[in-house]
Structures are given as C-alpha cells and as structure tokens.
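Ready for a few exercises on a protein fold? Keep the structure open next to you, try each task yourself, and then walk through the solution.

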Amino acid sequence: MALKNYYELLEIAQNSSADEVKKAFRAQIAKYHPDKVQHLGKEFQAMAADRAAELTEAYRILGDEGRRSEYDRTLAESGGQAAAAAPASTATSAASPAHSAPEPYTPPPPSQPPPGGPASDTRTGGAFTRERGMRDEFVRKATMGRLRQALESVGGSYDQSELRGFDIALVPKKKLFGGTKNPRLLGRFVSVVDRAAIADAWAQAAKWGAADEVCVLLMGTALAPAGELATEIGDQRRKHGRAGGGKLVLIPVDARDWDARMPIDAPPIAKTLLERLKKGA
C-alpha cells in the first residue's frame, strides 16, 4: 500500500513548522465536524468521518517531532519528497520531550472560525484548489442526493431531463387529461451564490422551455447578502424577458441548512420541497 502523504492531506509545505502543522490541522478538521455535515446523507457523513480520522492521524504523526522524523525518512524512501529532517518548530516544542504526544484538540463550535485563523498561509495554490474542488464535489453530490430524496417524498411527478450546466433537470409528467400545474425544475450547485452565479444560471435556464414555467434552485454553501441577490434577480427579470411567455423563478438556497430566499411568486412545489428539506436539516 502506498504511503499516504500527510503533508498534502493537511495542505502544508513539508518544511512547515510545528505551529503551522497545528493551525492547518485545526482549520481542516473543523470542515468535517459532525455539525457541519449533519444535513447531508449518512453516506456523506461517513465519508466526512473517514476524512476526519485521516486528518487526526496526520496530526498525530506530524505533530510529534520523533514520529515526524521517522515518517519523513519512510516517505523519502518510498519516493516522496519529504525533507531530510523535521524542521525546528518553536522554542517551546524544542524543549519538550521528543516523543510527547500533540495536545488534545477540541473542534470549535460551527458558529466560530477555526482557531488560528484560516490555513491559506501554509498552502500552495495548487493544493488549495484541489482540496476546495474535492469539498465542492463532495457537498454537490450530497446536496443533489438530498434534493432528489425530498422530491420523491413530496410526491413530485417528474421525468428526468438534461440541461447543460445544471446538476438536475426535471420535466413534469404530462397528465392524461390536460397539462400540469407543476413547473420545470432545475438545480445547480455553486460554491458561492452571488450576482455572477445568478446571472449565469438565469441566462442558461432562460433557454429551456420558453413557453413553460421554470423554477431554478441555485444552491451553495455561501450566499451574498440578500439585498444583492434580490437586486440581481430583479435585473435579470427586466433584462431577459422570455420570448415564449413562460415565467422563470430563481430561488437562492443555502445548502448548509436549506434556508431559501423565497420569492413571493415561487411555485408551490418549490415551497413544499424546501420546507421538507429544512425540516430534515
């Protein structure tokens, strides 16, 4: 089995100090705290628990001078790029016994930032980008899975469709007699729901079913201020009328707790769906 690179896992350089190792660990472990993933499905909660265990083991090794020196030698022998010796950490750690265990860590409450601030100062740009992409993909899959489950539970009668740029595209099933009151549904996950994300999603959604009502759920783990979002939605409605006469409704949604910036003209199915998701968060 290949030796896991704990430096890459913590997104730090291999010559990082003991203090930098601690800060990076605390910033990383906070992202996978149970409170941060409790709204996700059990499968993804298990994945988060596995990642937290990996991070804890990385800190156990790299946070101890003796273990780290031995790990660096093993990593170098296996073809890794670890430094020949662990760097001197701080005056405090240098005076400590070589094999003293790292101090216990208690994750911060979700409402507080990670102790020591963000770890971006110890990361390389490429590693940060890769890790952020992995987290976004993780949350995107979990969010879409929850959305599909909620839709099934509220009895939405839809057929699967596709529209480039959206994670979910659903068309209401036609009734035997006449049409349907439900709109077409689109779902897209983005890192940040802001004015640019709204403009792009609106432009893409406006091309789909111009004569039908389309409801877009634009979901992310960070949202711009409500005033900015409302302004952009209003601008898009004024700028881009739909040739076929169909209505387009876009709903910004915080994927962390399913809190939605619900417009007054949101279709009933969207309100019911998001209420169900919020109750289960």
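Two strands pair if DSSP finds at least two bridges between them. Helices (H or I, at least four residues) and strands (E, at least two) are DSSP runs, numbered from the N terminus. You are looking at a predicted model, where local features need pLDDT of at least 70, side-chain atom pairs count only at pLDDT 80 or more, and totals for chains, interfaces and linings use all residues. Residues are numbered from 1 along each chain as its sequence is written, and side-chain values use heavy atoms, with hydrogens and water left out.

**Exercise 1. The sheet**

Work out the strand order of the open sheet and find its edge strands.

*Solution.*
Step 1: Start with the inventory, which is 10 helices and 6 strands for the chain.
Step 2: Line the strands up, and the open sheet of 6 strands reads S1-S2-S3-S4-S5-S6, with mixed pairing.
Step 3: Look for strands that pair on one side only, and you land on S1 (158–160) and S6 (259–260).
Step 4: A reminder on what holds strands together: strands of a sheet pair through backbone hydrogen bonds, either parallel or antiparallel.
Step 5: Now check some pairs. S3 (residues 184–190) and S4 (residues 214–220) run parallel, joined by 7 bridges, and Phe189 sits opposite Met219 in S4. S4 and S5 also pair in the parallel sense, over 7 bridges, with Leu218 opposite Pro252 in S5.
Step 6: S5 and S6 go antiparallel over 2 bridges, and here Asp254 faces Asp259 in S6.

**Exercise 2. Strand S5 and its turn**

Is strand S5 mostly covered or mostly open, and what is special about phi of Trp258 in the turn after it?

*Solution.*
Step 1: Get the cut-offs straight: buried means under 20% relative accessible area, exposed over 50%, and partly exposed in between (1.4 Å probe, protein chains only).
Step 2: Count along S5 (residues 248–254), and 7 of its 7 residues turn out to be buried, so the strand is mostly covered.
Step 3: Check both faces. Leu248, Leu250, Pro252 and Asp254 point one way, while Val249, Ile251 and Val253 point the other, and all are buried.
Step 4: Follow the chain on. S5 and S6 form a hairpin with 4 residues between them, and Trp258 lies in that loop.
Step 5: Phi of Trp258 is near 65°, a positive value in a residue other than glycine. Trp258 is buried too, with a relative accessible area of 2%.
Step 6: Compare Glu11, in the loop between helix H1 (6–10) and helix H2 (18–31). Glu11 has a positive phi near 60°, and at 1% relative accessibility Glu11 counts as buried.

**Exercise 3. The nonpolar cores**

Which helix gives the most residues to the largest nonpolar core?

*Solution.*
Step 1: A nonpolar core is a set of buried Ala, Val, Leu, Ile, Met, Phe, Trp, Tyr and Cys residues joined through side-chain atoms within 4.5 Å.
Step 2: The largest one has 46 residues, and those touching the most other members include Leu10, Leu147 and Ile251.
Step 3: Helix H4 (residues 42–62) is the top contributor, with 7 residues.
Step 4: Another core, of 21 residues, lies apart from this one, and Leu163 and Phe166 are among its members.

**Exercise 4. A buried leucine**

List the residues that Leu229 contacts, leaving aside neighbours within four places in sequence.

*Solution.*
Step 1: Place Leu229 in helix H9 (residues 226–239).
Step 2: Leu229 has a relative accessible area of 2%, so Leu229 is buried.
Step 3: Contact means heavy atoms within 4.5 Å. That gives Val193, Asp194, Ile198, Leu223, Ala224, Pro252 and Arg261.
Step 4: As an extra distance, Leu229 and Ile251 are 22 residues apart in sequence and 9.6 Å apart in space, C-alpha to C-alpha.

**Exercise 5. The chain as a whole**

What share of the chain's residues is buried?

*Solution.*
Step 1: Buried residues make up 41% of the 281 residues.
Step 2: For the contacts with a separation of 6 or more, 70% come from residues 24 or more positions apart.
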